[in-house]
Amino acid sequence: MYTVHKLADYSPTALDAAVRELLSALESESRAVNDESAWKDYRDRWVARKNGILTQINDAWLKAAPPDAKREVGKRVNSVREEVEHAFSLLRSDLERKIISESVTLVGGTLDEIRDWELKREGVDISLPGIRRPIGAEHPVIKAQNEMVAVFKSMGYSVSEGPEIETDYYNFEALNFPPNHPARDTQDTLFIAGQQSKPLRERLLLRTHTSPVQIRTMERLAPPIRVVIPGKVHRNDAPDASHSPMFHQIEGLAVDINITFCDLKGTLDHAMKAFFGSSVKTRFQPSFFPFTEPSAEVAISCIFCGGKGCRTCKQGGWIELLGCGMVDPNVFEFVRDNGYDPAKVSGFAFGMGADRIALLKYGVDDIQLFFQGDVRFLEQFA
Ligand SMILES: [Zn+2]
């Protein structure tokens with residue numbers, strides 16, 4: 001068996017002879033490797049870090065060489081290393097092929113059987129049941145939101161979306177909440193920190209309603225428009241059964257010539273019947289919003305008691321659901337250059353809480369359940 005000797009002669013001829021002797025030993029030893037354990041022995045003998053032949057020649061040949069011979073010896077030690085590594089990879093793939101071909105004779109030999117055999121060799125038992133990953137489903141709020149959006153899409157509305165981080169301009173100013181307007185002072189806006197050095201209209205906040213998308217849409221599209229705007233909004237509300245600091249709104253906007261309050265009433269009445277059922281009635285009561293004039297609160301007849309009075313409608317027979325109104329001419333002034341001359345066009349806008357719709361639709365009595373992420377609760381709606 002080959003052993004590494006110290007070199008006595010560092011001439012190129014003597015070095016080449018030493019390399020030849022080593023490589024022929026490598027080759028004859030590799031021919032004898034025919035199973036996994038022989039391969040491991042062979043590997044340990046040649047490349048083991050501690051006392052493998054590669055390490056030995058590094059010590060006995062290269063480290064022991066006189067300085068003027070180191071360059072020539074180094075070249076040969078490197079080429080030996082490459083040869084050994086090459087021989088190893090060849091041997092490894094030969095061996096794997098051999099093991100597989102043995103398995104073919106062993107199990108009969110279809111491709112599937114070979115694959116199964118290989119999996120077993122790797123310790124994978126394919127007869128065990130797999131890991132079942134549950135298929136995801138729409139969150140109940142998103143599901144209700146999409147259903148309501150679909151009602152408006154069927155009336156010819158397109159869908160518009162906007163950023164959740166808004167500027168003061170889009171969230172308030174362009175919606176006719178001037179600076180110092182009392183509606184801004186309700187302490188419910190979550191502002192982004194460190195904005196004090198900017199002019200007020202450029203300061204960033206988490207949008208408190210989806211209404212900024214009305215302005216963004218009117219900046220982008222000239223009239224006539226009909227858009228429905230679903231989205232997430234944020235307010236500094238303490239969480240309870242009916243409040244969440246994050247919730248969802250569905251907003252709508254229609255602008256054209258000769259749009260009247262009748263169009264608004266007809267549209268919302270149809271939408272509520274399409275969503276909750278044809279027996280639902282709607283009721284409009286005067287209200288106030290800075291960006292609509294006149295404005296109204298819309299209630300639907302209670303879907304649980306049909307208007308007779310029950311716990312959900314607090315015995316009143318009606319459930320408040322939407323805010324709406326005719327777009328305030330002051331709002332059109334902000335987008336007048338894009339064709340929104342308040343003397344020529346009119347429009348209506350409305351907004352509702354998607355979470356509230358989902359609460360009603362699914363008969364859930366606590367909005368917090370929607371956002372706690374308990375799969376046992378959520379999977380009921382899948
Ligand atoms: Zn009721």
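Let's start in the middle of things: strand 8 (residues 318–327) has eight of its ten residues buried, so this strand is largely enclosed by the rest of the structure. Buried here means under 20% relative accessible area. Please keep in mind as you look around that this is a predicted model.

**The sheet around strand 8**

Where does strand 8 sit in the sheet order? The sheet is open, has seven strands and follows the order 1-4-5-9-8-7-6, so to speak from one side to the other, with strand 8 between strand 9 and strand 7. The pairing within this sheet is mixed. At the edges you will find strand 1 (158–159) and strand 6, each of which pairs on one side only.

Three neighbouring pairings are worth following by eye, and the table sets them out.

| Strands | Sense | Bridges |
|---|---|---|
| strand 6 (residues 282–289) and strand 7 (residues 292–301) | antiparallel | seven |
| strand 7 and strand 8 | antiparallel | eight |
| strand 8 and strand 9 (residues 346–353) | antiparallel | five |

Some individual residues help you find your place along these strands. Going from strand 8 towards strand 9, Gly-323 stands opposite Gly-351, and Gly-325 stands opposite Ala-349. On the strand 7 side, Cys-324 of strand 8 is the bridge partner of Ala-296.

Moving on to the edge, Arg-283 faces Ala-299 of strand 7. How many residues does the hairpin between strand 6 and strand 7 pass through? Two residues make the link from strand 6 to strand 7.

**A helix across the sheet**

Helix 6 (residues 140–153) lies across four of the strands: strand 1, strand 4 (225–234), strand 5 (246–256) and strand 9. Relative to strand 5, helix 6 runs at about 5°.

**A pair of packed helices**

Now for two helices that pack against each other. Two packed helices are described by the angle between their axes and the distance between the axes. For helix 1 (residues 12–31) and helix 3 (residues 53–63), the angle is about 165° and the axes are 13 Å apart. Angles over 145 degrees count as roughly antiparallel, and helix 1 and helix 3 are therefore roughly antiparallel to each other. Their crossing is right-handed.

Which residues make the contact between these helices? Helix 1 brings Ala-18, Val-19 and Leu-22, while helix 3 brings Ile-53, Ile-57 and Trp-61. Six of the residues in this contact are nonpolar, with no polar and no charged ones.

How values were computed: Residues are numbered from 1 along each chain as its sequence is written. This is a predicted model: local features need pLDDT of at least 70, side-chain atom pairs count only at pLDDT 80 or more; totals for chains, interfaces and linings use all residues. Side-chain values use heavy atoms; hydrogens and water are left out. Two strands pair if DSSP finds at least two bridges between them. Axes are lines fitted to C-alpha atoms, for helices over the stretch in contact, and angles run from 0 to 180 degrees between N-to-C directions. Angles under 35 degrees count as roughly parallel, over 145 as roughly antiparallel, 65 to 115 as roughly perpendicular and the rest as oblique. A crossing is left-handed if the near helix is turned anticlockwise from the far one by less than a right angle, and right-handed if clockwise. Contact means heavy atoms within 4.5 Å. Ala, Val, Leu, Ile, Met, Phe, Trp, Tyr, Cys and Pro count as nonpolar, Asp, Glu, Lys and Arg as charged, and the others, Gly among them, as polar. Buried means under 20% relative accessible area, exposed over 50%, partly exposed in between (1.4 Å probe, protein chains only).
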